[in-house]
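Work through the exercises below with the sequence and the model open side by side. Each task is followed by a solution that goes step by step.

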Amino acid sequence: MKKLWLTLMLALLVGFGVACSNSEDKAKEHGMSTMNINKGEESKKENFPSTQTTYVKTGKEFTLTAKESTHDFGNGTTLPVWTYDGSVPGSQIRVKQGDKVKVNLKNELSEPVTIHWHGLPVPNSQDGIPGVTMNAIQPGNTFTYEFTASVPGTYWYHSHQDSVNQIDKGLYGTLVVEGKDEEKADKDYTLVLDEWISSGESSMEEMDHGSMASEEDKDDTNNSTQSVDGMDMAMGDDMSMYDLYTINGKSAKNMETLKVKEGDTVKLRLVNAGYISHKIHIHGHEFKIVSTDGQPINDPTIIKDQTVTVAPGERYDIVFKANNPGTSYIESHDETEAAKNMVAKIVYNNSKKTNDDRDSKESLHNVDITKYGKTAQSKFSLESKYGVEYKMNLGIAMEGNSRVYTINNKTYPKTEPLNVEEGDLVKVTLKNTSKSDDHPMHLHGHFFQVLSKNGEPIEGSPLMKDTLNVKPGEEYVVAFKADNPGNWMFHCHDLHHASSGMIIQVKYKGFNPAFTPNTDANNKPE
């Protein structure tokens with residue numbers, strides 16, 4: 001009787017999901033496959049429902065519900081999570097280029113939330129930044145986002161309210177805008193990379209920035225910001241607390257399985273929703289990178305046995321031909337113990353062969369995206385005339401007893417805004433002056449072109465991005481056109497750094513926000 005009851009409950013849950021989301025077949029077709037429904041003791045103790053299928057939703061109007069669930073990661077770890085639609089990742093939204101999209105966000109959580117459409121240019125009022133573009137959506141309330149999906153590509157969405165913690169809890173999903181002239185793949189899979197703390201503790205509670213500096217570098221007599229660039233910061237952030245790596249919320253025994261048949265053209269959409277860069281290897285197949293951050297690569301070359309590093313907030317679209325029957329893998333080559341569980345299995349139909357020569361610790365060359373593809377005429381150059389130029393020195397400092405992350409020695413909201421007028425051509429220099437920490441810098445509402453790296457012009461395809469990882473000692477020059485009026489965030493997408501100050505705003509002259517900040521909304525934009 002118990003088995004029959006569980007079977008009936010599972011059927012009801014799946015039926016409900018299909019009715020809400022177009023079909024489970026679409027989810028499998030796009031690589032967002034079914035999560036195991038678990039009824040473990042942890043689920044009962046927390047009194048939250050278990051996570052369900054990550055569904056694919058198509059159409060033009062959608063409802064997303066922020067709610068609590070309990071998630072089984074597949075390695076013996078079950079944690080309470082925050083979700084959109086009760087799944088990790090949340091429902092995938094798939095729309096067509098030019099669609100006018102409406103998304104109703106219902107907040108069934110105990111805390112305020114929002115949605116930021118990461119990478120997709122939307123009107124400023126729809127960008128989802130509490131206290132900057134809107135007030136946070138309170139528990140029990142609903143907010144409707146409306147925008148036109150004008151630029152095709154792979155994007156993702158996440159809460160921007162207390163985002164370092166809310167994203168850590170699972171509050172994110174993916175958004176795909178299908179291009180009018182897009183070449184269709186036989187199989188199209190989305191793989192969301194993330195890392196978790198298996199104890200379930202809050203990331204901000206675990207991070208102790210202040211302990212990373214010596215006592216002589218602290219000044220308790222005032223609250224001024226002091227540079228620590230001269231310190232030996234070789235240890236950097238201790239990210240070892242993230243001891244559980246996942247693809248689409250799955251790890252170890254629960255690993256994602258991608259089904260293909262010989263001859264298929266397979267598209268992989270890699271999305272990094274975490275705070276650690278991951279080196280991804282496509283085992284047993286040649287491949288090409290066709291786009292990054294949704295923007296196409298010109299004439300991409302075929303490569304094999306190289307890793308692609310996906311930094312926090314970045315997306316890479318990869319295409320390969322299924323011409324190596326058997327079972328092979330998409331795997332992390334990160335130098336951590338947790339990385340061995342960040343793996344997805346490629347399984348060919350009707351094939352029992354296993355290509356088991358993989359070695360996740362093998363040293364492989366990493367693709368340099370600034371030298372990948374072929375040069376072509378582009379929108380900007382180093383010789384172009386720019387109406388606005390801005391330099392960001394990305395550093396570390398002490399503020400009282402706390403370690404903070406700075407832009408030009410200041411922390412948000414005291415950082416100097418980048419002031420522009422509509423139509424301006426803007427050049428920005430990004431220089432990482434810290435000695436240990438990467439800074440994946442994300443610009444809201446715009447794409448920028450990467451013009452140079454460490455003083456040398458970009459050699460490969462014109463490189464358009466919205467998120468760029470700047471490693472210690474590196475300097476990039478990027479450019480964009482001020483063509484989307486508003487007040488926009490430009491910040492590090494290691495959100496521990498953003499929440500500790502590494503943010504500026506891009507402000508358009510004469511722009512007035514369409515909302516009035518509410519002091520009772522508990523707005524936390526970082």
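## A charged pair and its network

Arg269 counts as buried, at 1% relative accessibility, where buried means under 20% relative accessible area, exposed over 50% and partly exposed in between, with a 1.4 Å probe and protein chains only. The model is a predicted one, in which local features need pLDDT of at least 70 and side-chain atom pairs count only at pLDDT 80 or more, while totals for chains, interfaces and linings use all residues. Residues are numbered from 1 along each chain as its sequence is written, and side-chain values use heavy atoms, with hydrogens and water left out.

**Exercise 1.** Find the residue with which Arg269 forms a salt bridge, and place both residues in their strands.

*Solution.* Begin with the rule, by which a salt bridge is a side-chain nitrogen of Lys or Arg within 4 Å of a carboxyl oxygen of Asp or Glu. The partner is Asp317, and the closest N and O atoms are 3.6 Å apart. Next, locate the two residues: Asp317 belongs to strand S19 (residues 315–321) and Arg269 to strand S14 (residues 265–272), so the pair ties together parts that are 48 residues apart in sequence. Strands here are DSSP runs (E, at least two residues), numbered from the N terminus. Asp317 is also buried, with a relative accessible area of 3%. Finally, follow the shared partners: salt bridges join Arg94, Lys96, Glu178, Glu182, Lys184, Asp188, Lys267, Arg269 and Asp317 into one network.

**Exercise 2.** Compare the burial of the two residues in the salt bridge between Lys261 and Asp264: which is buried, and which is partly exposed?

*Solution.* First take the distance, which is 3.4 Å from N to O. Then take each side in turn: Lys261 is partly exposed at 44% relative accessibility, whereas Asp264 is buried at 2%. For a further example, turn to Glu337 and Lys340, whose closest N and O atoms in a salt bridge are 2.7 Å apart; Glu337 is exposed, with a relative accessible area of 52%. Across the model, the count comes to 24 salt bridges.

**Exercise 3.** Describe the surroundings of Asp85, starting from its place in the chain.

*Solution.* Asp85 sits in the loop between strand S3 (78–84) and strand S4 (92–96), and it is buried, with a relative accessible area of 16%. Its side chain and that of Lys57 are joined by a polar contact of 2.7 Å, a term for a pair of N or O atoms within 3.5 Å in which, within protein, one must be able to donate a hydrogen and the other to accept it, and residues adjacent in sequence count only if both atoms are side-chain atoms. When neighbours within four places in sequence are left aside, the residues in contact with Asp85 include Thr63, Leu64 and Ser91, contact meaning heavy atoms within 4.5 Å.

**Exercise 4.** Give the strand order of the open sheet of 6 strands, and say which strands stand at its edges.

*Solution.* The order is S13-S21-S20-S15-S18-S22, with mixed pairing; two strands pair if DSSP finds at least two bridges between them. Strand S13 (256–260) and strand S22 (365–366) are at the edges, each with a single partner strand, so one side of each has no neighbour in the sheet. Within the sheet, strand S15 (residues 278–282) pairs with strand S18 (residues 306–310) in the antiparallel sense over 4 bridges, and Lys279 has Thr309 in S18 as its bridge partner.

**Exercise 5.** How many aromatic pairs does a search of the whole structure find, and what is the geometry of the pair formed by Trp117 and Tyr157?

*Solution.* The search finds 9, where rings of Phe, Tyr and Trp (its six-membered ring) pair if their centres lie within 6.5 Å, and planes under 30 degrees apart count as stacked, over 60 as edge-to-face and the rest as tilted. For Trp117 and Tyr157 the ring centres are 5.6 Å apart and the planes are at 50°, so this pair is tilted. Trp117 lies in strand S6 (residues 116–118) and Tyr157 in strand S8 (residues 153–158), so the pair ties together parts 40 residues apart in sequence. Both Trp117 and Tyr157 are buried. They belong to one aromatic cluster, together with Tyr84, Phe143, Tyr145 and Phe147.
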